[in-house]
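Reader: I want the pockets and the ring contacts in short form. Give me cut-offs as you go.

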Amino acid sequence: MRSFSIVVAADRAMGIGKNGGLPWRLRKDMAFFAKITSKVVVAQGVQDATTTKTTTTAAGESTHQRRVNACIMGRKTWESIPKKFRPLSDRFNVIVSRDPHYLDDKAEKGNPLVALATSFEAALDLVESLQSPSPSSTSSSIQVARTFLIGGAQLYNEGVRSKDCTHIFLTRIDATVDCDTFFPEISPAEYQLLPSTQSHAFLEDYLQESVEGGVIEEGSYQYEYTVYNRI
Ligand code: FOL
């Protein structure tokens with residue numbers, strides 16, 4: 001399963017960034033981002049609701065694998081996350097940079113929840129290789145559940161075009177903010193925007209918990225969590 005979902009917040013003009021950062025500070029949306037990207041939801045009707053998996057290696061040894069979601073992000077997006085919040089906690093952080101040595105002199109090198117990929121395709125290959133807990137397969141201590149593409153503009157451009165992108169979770173901000181970075185066009189021939197009520201129901205089912213629906217007001221901003229499904 002190479003499938004992934006996009007998570008993004010954008011204004012009316014599909015602006016997403018300014019000067020290497022977010023043009024707004026929306027506390028509740030950031031909490032929603034953290035929730036949707038972090039929560040590991042066990043398939044409905046399945047008994048095993050644990051987040052670690054014990055597997056047996058070829059040598060008969062028992063190993064533990066931690067089950068987490070993956071966040072794929074471009075190098076600039078990684079650098080835009082405040083140091084105290086990165087790597088994003090309880091998530092497998094995959095940084096995409098053409099520089100294969102990008103992590104060499106970084107503090108995160110060696111962290112099992114941080115990896116480098118030199119292309120978006122390579123990032124998808126990597127997370128796919130960590131999705132099955134196949135006994136003895138990889139030596140990784142992590143098992144990837146859901147995969148999210150969290151930006152920025154360059155990777156979103158590649159991601160929306162991919163047939164493997166199943167959902168776009170767009171926080172639609174009802175404002176026009178000064179932005180220098182934009183989300184690409186979402187083709188109505190490729191994605192269906194769920195109406196407000198259906199977006200809300202989808203999110204509650206997807207997260208298996210209650211999600212604030214309708215228009216959210218925060219400071220001078222009004223916004224709503226919306227869902228696009230690939231047709
Ligand atoms: N999607 C949505 N809906 N809102 C966003 O702000 C957003 N931002 C990005 C990608 N998709 C998004 C990329 N930018 C953090 C900072 C910037 C960022 C993504 C994440 C960050 O620091 N996240 C912390 C929470 C910090 C907090 O609680 O204030 C995390 O643990 O996720």
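Reader: How do the residues lining the second largest pocket divide by class?
Author: Take the setting first: this is a predicted model, where local features need pLDDT of at least 70, side-chain atom pairs count only at pLDDT 80 or more, and totals for chains, interfaces and linings use all residues. A pocket is an open set of points on a 1 Å grid over the protein atoms alone, where a 1.4 Å probe fits, with protein on both sides within 12 Å along at least five of seven lines; lining residues have an atom within 4 Å of a point. Here 15 residues line the second largest pocket. With Ala, Val, Leu, Ile, Met, Phe, Trp, Tyr, Cys and Pro as nonpolar, Asp, Glu, Lys and Arg as charged and the others, Gly among them, as polar, the split is nine nonpolar, three polar and three charged.

Reader: Which element gives the largest share of that lining?
Author: Val41, Val42, Ala43, Ala145 and Arg146 lie nearest the centre of the second largest pocket. Two elements, DSSP runs numbered from the N terminus (helices H or I, at least four residues; strands E, at least two), give two or more residues to this lining: strand S7 (142-149) and helix H5 (196-207). The largest share, four residues, comes from S7.

Reader: Which residues lie nearest the centre of the largest pocket?
Author: By class, the lining of the largest pocket has 21 nonpolar, 15 polar and nine charged residues. Elements giving two or more residues include S1, strand S2 (15-17), helix H2 (75-80) and helix H4 (153-161). In total 45 residues line the largest pocket, and nearest its centre lie Lys76, Thr77, Ser80, Ile150 and Gly152.

Reader: How many aromatic pairs are there?
Author: Residues are numbered from 1 along each chain as its sequence is written, and side-chain values use heavy atoms, without hydrogens and water. Rings of Phe, Tyr and Trp (its six-membered ring) pair if their centres lie within 6.5 Å; planes under 30 degrees apart are stacked, over 60 edge-to-face, the rest tilted. By this rule the count is seven.

Reader: How many residues apart in sequence are the parts tied together by Phe4 and Phe120?
Author: Phe4 and Phe120 pair edge-to-face, at 5.3 Å centre to centre and 90° between the planes. Phe4 lies in strand S1 (residues 4-10) and Phe120 in helix H3 (residues 120-129), so the parts tied together are apart in sequence by 116 residues.

Reader: Are Phe4 and Phe120 buried or exposed?
Author: Buried means under 20% relative accessible area, exposed over 50%, partly exposed in between (1.4 Å probe, protein chains only). Phe4 has 1%. Phe120 has 2%. Phe4 is buried, and Phe120 is also buried.

Reader: How many residues apart in sequence are the parts tied by Phe32 and Tyr225?
Author: Phe32 and Tyr225 are stacked, 4.0 Å centre to centre with 15° between the planes. Phe32 sits in helix H1 (residues 27-38) and Tyr225 in strand S12 (residues 221-230), so this pair links parts whose separation in sequence is 193 residues.

Reader: Which residues form an aromatic cluster with Phe32?
Author: Both Phe32 and Tyr225 are buried. One aromatic cluster holds Phe32 together with Tyr223 and Tyr225.

Reader: On how wide an arc do the buried residues of H3 lie?
Author: Phe120, Ala123, Leu124 and Val127 are buried in H3. They are on the same side of H3, because the arc they cover around the axis is only 100°. The arc is taken over directions from the helix axis to the C-beta atoms, and its value here is 100°.

Reader: How far apart in space are Asp180 and Gly20?
Author: Asp180 is in the loop between strand S8 (165-173) and strand S9 (181-182). At 41% relative accessibility, Asp180 counts as partly exposed. Asp180 and Gly20 are 160 residues apart in sequence, yet C-alpha to C-alpha they are apart by 8.8 Å.
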